[in-house]
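Colleague: Could you take me on a close tour of a single part of this model, one strand and whatever surrounds it? I would enjoy one connected account rather than a list.

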Amino acid sequence: MPSPEPVPISSALDGVVRSLRGPSREAVGGLFGRWDEAVGEQVAQHVTPRKLDEGTLIVEVDDPAWATQVKFLTPMITERLIAVAGVKIDRIEVRVERRGARGAKY
């Protein structure tokens, strides 16, 4: 039976995240909130974190050349995410952003 006492929203969110078997709220906030700081401005302009799922970080790049660059930079990105955001990832999965014939995202 749920407690009738009010629960801080941060505790409630932690419970929801745990029930989804996802990373902690701090990990998600650190990774997505400090991405630019962790990877640097140039990488952040072309690589966007999309999802963190059981140690796998899914990122989206705006050009196929950046997919290759991310694979080359994976050790550095992994170390920087630990140092800057306190987030440990096991691997990075890269997806290339899809664009239409006129360059529009879809």
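Modeller: Gladly! Let us begin with a pairing: β1 and β2 run antiparallel to each other, joined over six bridges. Please keep in mind that this is a predicted model. The strand I would like to put at the centre is β2, which covers residues 56–61.

First, a little context. The protein has five helices and three strands, and along the sequence they follow the order α-α-α-α-β-β-α-β. Of the 106 residues, 30% are buried. Among contacts between residues at least 6 apart in sequence, 48% join residues at least 24 apart.

Back to the strand. β2 is mostly covered, with five of its six residues buried. On one side of the story is the hairpin with β1. Two bridge pairs help you trace the pairing: Leu 52 is partnered with Leu 57 of β2, and Val 47 is partnered with Val 61 of β2. Two residues lie between the strands of this hairpin. Glu 54 sits in that loop between β1 and β2, and its phi is positive, near 50 degrees, although the residue is not a glycine. That is worth a second look, as most residues other than glycine have a negative phi. Glu 54 counts as exposed because its relative accessibility is 56%, above the 50% cut-off.

The next pairing has the opposite sense of direction: β2 and β3 are parallel, again with six bridges. Here Val 61 of β2 has Val 96 of β3 as its bridge partner. Since Val 61 is also the partner of Val 47, you can use Val 61 as a landmark when you move from β1 across to β3.

Another good landmark is Thr 56, which belongs to β2. Its relative accessible area is 13%, so Thr 56 is buried. Leaving aside residues up to four places away in sequence, Thr 56 touches Lys 51, Arg 91 and Glu 93. Arg 91 deserves a closer look. Arg 91 is part of β3, and with a relative accessible area of 43% it is partly exposed. With the same sequence neighbours left out, Arg 91 touches Gly 55, Thr 56 and Leu 57. The side chains of Arg 91 and Thr 56 also make a polar contact, at 3.5 Å. So this pair brings together a buried threonine and a partly exposed arginine.

How does the chain get from β2 to β3? It goes by way of α5, and the three elements β2, α5 and β3 form a right-handed β-α-β unit. The helix covers residues 64–85. At its N-terminal end, Asp 63 acts as a cap, with a side-chain oxygen 2.8 Å from the backbone nitrogen of Ala 65. After the helix comes Gly 86, with a positive phi near 70 degrees.

In between, α5 is not straight. A straight helix of 22 residues would span 32 Å at 1.5 Å a residue, yet α5 spans only 27 Å between its end C-alpha atoms. There is a kink of about 60 degrees at Leu 73, shortly before the proline Pro 75. Pro 75 also gives you a way back to Arg 91: the two are 16 residues apart in sequence, and their C-alpha atoms are 9.3 Å apart.

Which residues of α5 are buried? They are Trp 66, Ala 67, Val 70, Leu 73, Ile 77, Thr 78, Leu 81, Val 84 and Ala 85. Many steps in such a list can be read with the helical repeat in mind: an α-helix has 3.6 residues a turn, so residues three or four places apart point the same way. Note that Leu 73, where the kink lies, is among the buried residues. Together, the buried residues of α5 pack against β1, β2 and β3, and against the helices α2, α3 and α4 as well.

To put the picture together: β2 has an antiparallel partner in β1 and a parallel partner in β3, while buried residues of α5 pack against β2. For a path through the model, I would start at the exposed Glu 54, step to the buried Thr 56, cross to Arg 91 through the polar contact, and finish at the kink in α5 at Leu 73.

Conventions: Residues numbered from 1 in each chain as written. Predicted model: local features only at pLDDT ≥ 70, side-chain atom pairs only at ≥ 80, totals over all residues. Heavy atoms only, no water. Helix = DSSP H or I, 4+ residues; strand = E, 2+ residues; numbered from the N terminus. Expected span 1.5 Å × (residues − 1). Bend = angle between axes of the 7 residues up to and from the residue. Buried < 20%, exposed > 50% of the residue type's maximum accessible area, 1.4 Å probe, protein only. Contact = heavy atoms within 4.5 Å. Polar contact = N/O pair within 3.5 Å; in protein donor to acceptor, adjacent residues only side chain to side chain. Pairing = 2+ DSSP bridges. Right-handed = clockwise from strand over helix to strand, strands pointing away.
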